[in-house]
Amino acid sequence: MTTIKDIAREANVSTATVSRILNDDQTLSVAEDTRKRVLEAADLLNYKPSRRRNPKNRKVEQNDRYTIGLILSSSQEDEIHDPYFLSLRLGVEMGCEQLSLNIGAVVRVNKKGSVTGLNDLDGIIAIGAIDPQELKEVYYQHQNIVFVDYLPEEDVYDAVISDLEKATYKVMNYLFELGHANIGYMGGKTGIKGLNGKECAEMDDVRKSAYQKVMQEKGLYQPENVLIGEWGPNGGYQLMKEAIEKDCLPTAMVIASDPMAIGALRALHEANIKVPEDISIVSFDDIEAAPFLNPPLSTVKVHTDEMGKTAAKLLYDRLNGRSIPVKAVLATDLILRESCQPKS
């Protein structure tokens, strides 16, 4: 029997691309000749979609195929401006390629219209902070939902997160070792989204909470040094411009994402404020551009690809009969480059 792997081999594309083309995923951006090549390969090999199976009370057999959905809290614009979101999704797709998981539906919660048709899916991977209660209302097999980059309060779900709390402590200790005491924080607004894309609850960013805890314990916390705005380069640029205009820059700044740091670096450059001579910068994510900035950016490496792969494995195990919820917390790495130096 022809499989998606056979079509992928014939068309010279990934199995995830084949799955999404055959399931008419409207969020997939692919060249028309690629789409045509996949459809022609499927026709040539006489591909017949496998029938869905009920995953309840059943072990996965070697040749079983499951069809799952991805629910994304990020928009396509978010993925363009911040590679972090795209990397999470690609990590999930890589994990699905390695397992018996076909991505049959991709839904972005910020799109207009209701979310339907999820109950035909064997499982769901939700990327980002999406309201679990709303998901339960449209997907009854909620034990087969895995959250990525978000840890719901309920204990019934599998979840994959990075240890950003420990990472923030590492960053703070590193800056203290360099002699910095006046340390600021810059981050974006965070919240839990409903299926209509609207924020239905506020959420504290663990990086901000960890920063605040450390600074308060040392008696160094200054509320004016906490800058919160929009995620992305423009958000970082605007926040840093405002801080510069107030003439109250700290000697070091912890920034919650590399794209925000890129915007902040631009604002500092325009104001002729040198990094790291005048202010040290440490960020999060370690996107591909980080080592090529001027100066190269010190940052916390978040293993987004492994987060995605782990989520796929957790869902596969659920469909294979595991009933105990698992919370996977992945370690990070502090990558030191030239955007920090000892306080002069």
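Which residue in β3 is the bridge partner of Leu70? To find out, begin with the parallel sheet of this predicted model.

**First stop: the parallel sheet**

Select residues 66–72, which form strand β1, together with residues 123–127, which form strand β3. These two strands run parallel and are joined by five bridges. Display Leu70 and look across to β3: the bridge partner there is Ile125.

Next, extend the selection to the whole sheet, an open arrangement of six strands in the order β2-β1-β3-β4-β5-β13, with parallel pairing. At its edges stand β2 and β13 (327–330), each of which pairs on one side only. From one strand to the next, the twist averages 20°.

**Second stop: the largest cavity**

Keep β2 (101–108) in view and add α2 (15–22) and α5 (83–98); each of these three elements supplies at least two residues of the lining of the largest cavity. The volume of this cavity is about 50 Å³. To outline it, select Thr15, Ala16, Ser19, Arg65, Glu93, Cys96, Glu97, Leu101, Asn102 and Ile103. Coloured by class, this lining shows four nonpolar, three polar and three charged residues.

**Third stop: the mixed sheet**

Move now to the open sheet whose six strands follow the order β9-β6-β10-β11-β12-β14, with mixed pairing. Select β9 (226–229) and β14 (333–335): these are the edge strands, and each has a single partner strand, so one side of each is left without a neighbour in the sheet. The twist in this sheet averages 15° from one strand to the next.

For a view of the edge at β14, add β12 (residues 298–301), which runs antiparallel to β14 and is joined to it by three bridges. Within this pair, Thr299 stands opposite Ile335.

Then show helix α10 as residues 258–270. This helix lies across β6 (183–188), β10 (252–255), β11 (280–285) and β12, and it runs at about 155° to β11.

**Last stop: the second largest cavity**

The structure holds two cavities of 30 Å³ or more. The second largest has a volume of about 30 Å³. Select Glu224, Asn225, Leu227, Ala243, Cys248, Leu249, Pro250 and Met253 to display its lining. By class, six of these residues are nonpolar, one is polar and one is charged.

Note on methods:
Residues are numbered from 1 along each chain as its sequence is written. This is a predicted model: local features need pLDDT of at least 70, side-chain atom pairs count only at pLDDT 80 or more; totals for chains, interfaces and linings use all residues. Side-chain values use heavy atoms; hydrogens and water are left out. On a 1 Å grid over the protein atoms alone, a cavity is a set of points where a 1.4 Å probe fits but cannot get out, and a pocket is an open set with protein on both sides within 12 Å along at least five of seven lines; lining residues have an atom within 4 Å of a point. Grid points are joined across faces, edges and corners, and a volume is the space filled by probe spheres set on the points. Helices (H or I, at least four residues) and strands (E, at least two) are DSSP runs, numbered from the N terminus. Ala, Val, Leu, Ile, Met, Phe, Trp, Tyr, Cys and Pro count as nonpolar, Asp, Glu, Lys and Arg as charged, and the others, Gly among them, as polar. Two strands pair if DSSP finds at least two bridges between them. Axes are lines fitted to C-alpha atoms, for helices over the stretch in contact, and angles run from 0 to 180 degrees between N-to-C directions. Contact means heavy atoms within 4.5 Å.
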